[in-house]
Amino acid sequence: MRLLLAEDEKDLSHALVTILKHNNYSVDAVYNGVDALAYLQSQEYDGAVLDIMMPGMDGITVLQKIRAEGNTVPVLMLTAKSEINDRVLGLDSGADDYLGKPFAMKELLARIRSVTRRQSSGSQIVMDFGNISLNKKTFELSSADGSCRLANKEFQMLELLMMNPGQLISTDRFMEKIWGLDSEAEINVVWVYISYLRKKLAAVGAKVQIKAARNQGYSLEEQS
């Protein structure tokens, strides 16, 4: 399940990303409202966590803009403000829930599960391409010939490839989307995980392959 986290306190954001990824969420983190709006306009998410007080554009404005555009992504507002009027404004602007700081991590996870449940009930849980399927809840890769569970980053990489079949995805994009802009991981980690995925695709008898285009990136293609 893919989430957008918009929180301008970087230490808190890094901690939340770590915990969310540990709970098998794919997370894109941004630190201001302008970037939050751009990501929500250009990517598909299962849920978003928006801080109200952010530089560039506040979370309420971001929410109002995406709702005006018809974007129905479930949104949890996260803020230090706790006044009734602020909660009402957020909910009236289209927020699905509201959580004030400070909060317990268990409650945050429960709220995220709650606001995304509506989306999950009507969205595609299983992605298909060629003869393979990818379950976004269980991380299971399967075909008629077998199945296996993917590790978190393996799942995120294959999900990105399956969301863009036949399209080249650059190494830099993998790094940005999965390891994050602030990651200290070396860029060759992408090749390592591509290798892992190729072995697992072969293990389940997949009739698709991850093709490499020199100095350009990788794409998921059906075998001819």
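In the predicted model, E9 is located in the loop that joins β1 to α1 (10–22). The relative accessibility of E9 is 43%, and this residue therefore counts as partly exposed, the category between the limits of 20% and 50%. E9 and T171 are 162 residues apart along the chain, and their C-alpha atoms are separated by 28 Å.

Strand β1 contains R2. In contrast to E9, which is partly exposed, R2 has a relative accessibility of 5% and so counts as buried, the limit for this class being 20%. When residues up to four places away in sequence are set aside, R2 touches S26, D28, E44, Y45, D46, G47, Q156, E159, M163 and K177. Acidic residues are represented in this list by D28, E44, D46 and E159.

Strand β1 (2–6) is also part of the cover over the buried residues of helix α2. This helix comprises residues 33–42, and its buried positions are G33, A36, L37, Y39 and L40. Viewed down the axis of α2, the buried residues fall within an arc of 165°, and they therefore line one face of the helix. Besides β1, the elements that cover these residues include the strands β2 (26–30) and β3 (47–51) and the helices α3 (59–68) and α7 (171–179).

At the level of the whole protein chain, eight helices and 11 strands are present. The radius of gyration is 18 Å, close to the 17 Å that the globule rule gives for 224 residues, so the chain is as compact as a globular protein of that length. The C-alpha trace spans about 60 × 35 × 30 Å along its principal axes. Of the 224 residues, 46% count as buried. Among contacts with a separation of 6 or more, 55% are made by residues 24 or more positions apart. The exposed area of the protein chain is about 11,100 Å², of which carbon and sulfur atoms supply 48%. The chain carries 25 positive and 29 negative charges, and the mean positions of the two sets are 5 Å apart.

Three sites were examined for backbone geometry. Most residues other than glycine have a negative phi, and most peptide bonds are trans. The peptide bond from K101 to P102 is cis, with omega near -10°. P102 belongs to the loop between β5 (97–100) and α5 (105–122).

The other two sites concern phi. F139 has a positive phi, near 65°, although the residue is not glycine. F139 is situated in the loop between β7 (132–135) and β8 (140–143). With a relative accessible area of 1%, F139 is buried. N215, likewise a residue other than glycine, has a positive phi near 60°. The loop that holds N215 runs between β10 (208–213) and β11 (217–222). N215 has a relative accessible area of 79% and is therefore exposed, the limit for this class being over 50%. The two positive phi values thus occur in a buried residue, F139, and in an exposed one, N215.

Terms used
Residues are numbered from 1 along each chain as its sequence is written. This is a predicted model: local features need pLDDT of at least 70, side-chain atom pairs count only at pLDDT 80 or more; totals for chains, interfaces and linings use all residues. Side-chain values use heavy atoms; hydrogens and water are left out. Helices (H or I, at least four residues) and strands (E, at least two) are DSSP runs, numbered from the N terminus. Buried means under 20% relative accessible area, exposed over 50%, partly exposed in between (1.4 Å probe, protein chains only). The radius of gyration is taken over C-alpha atoms; the globule rule is 2.2 Å times the number of residues to the power 0.38. Contact means heavy atoms within 4.5 Å. Accessible areas come from the Shrake-Rupley method with a 1.4 Å probe; for residues, only the protein chains shown count as cover. Lys and Arg count as positive and Asp and Glu as negative; His and the chain ends are not counted. The place of a charge is taken as NZ of Lys, CZ of Arg, CG of Asp or CD of Glu. The arc is that of the directions from the helix axis to the C-beta atoms.
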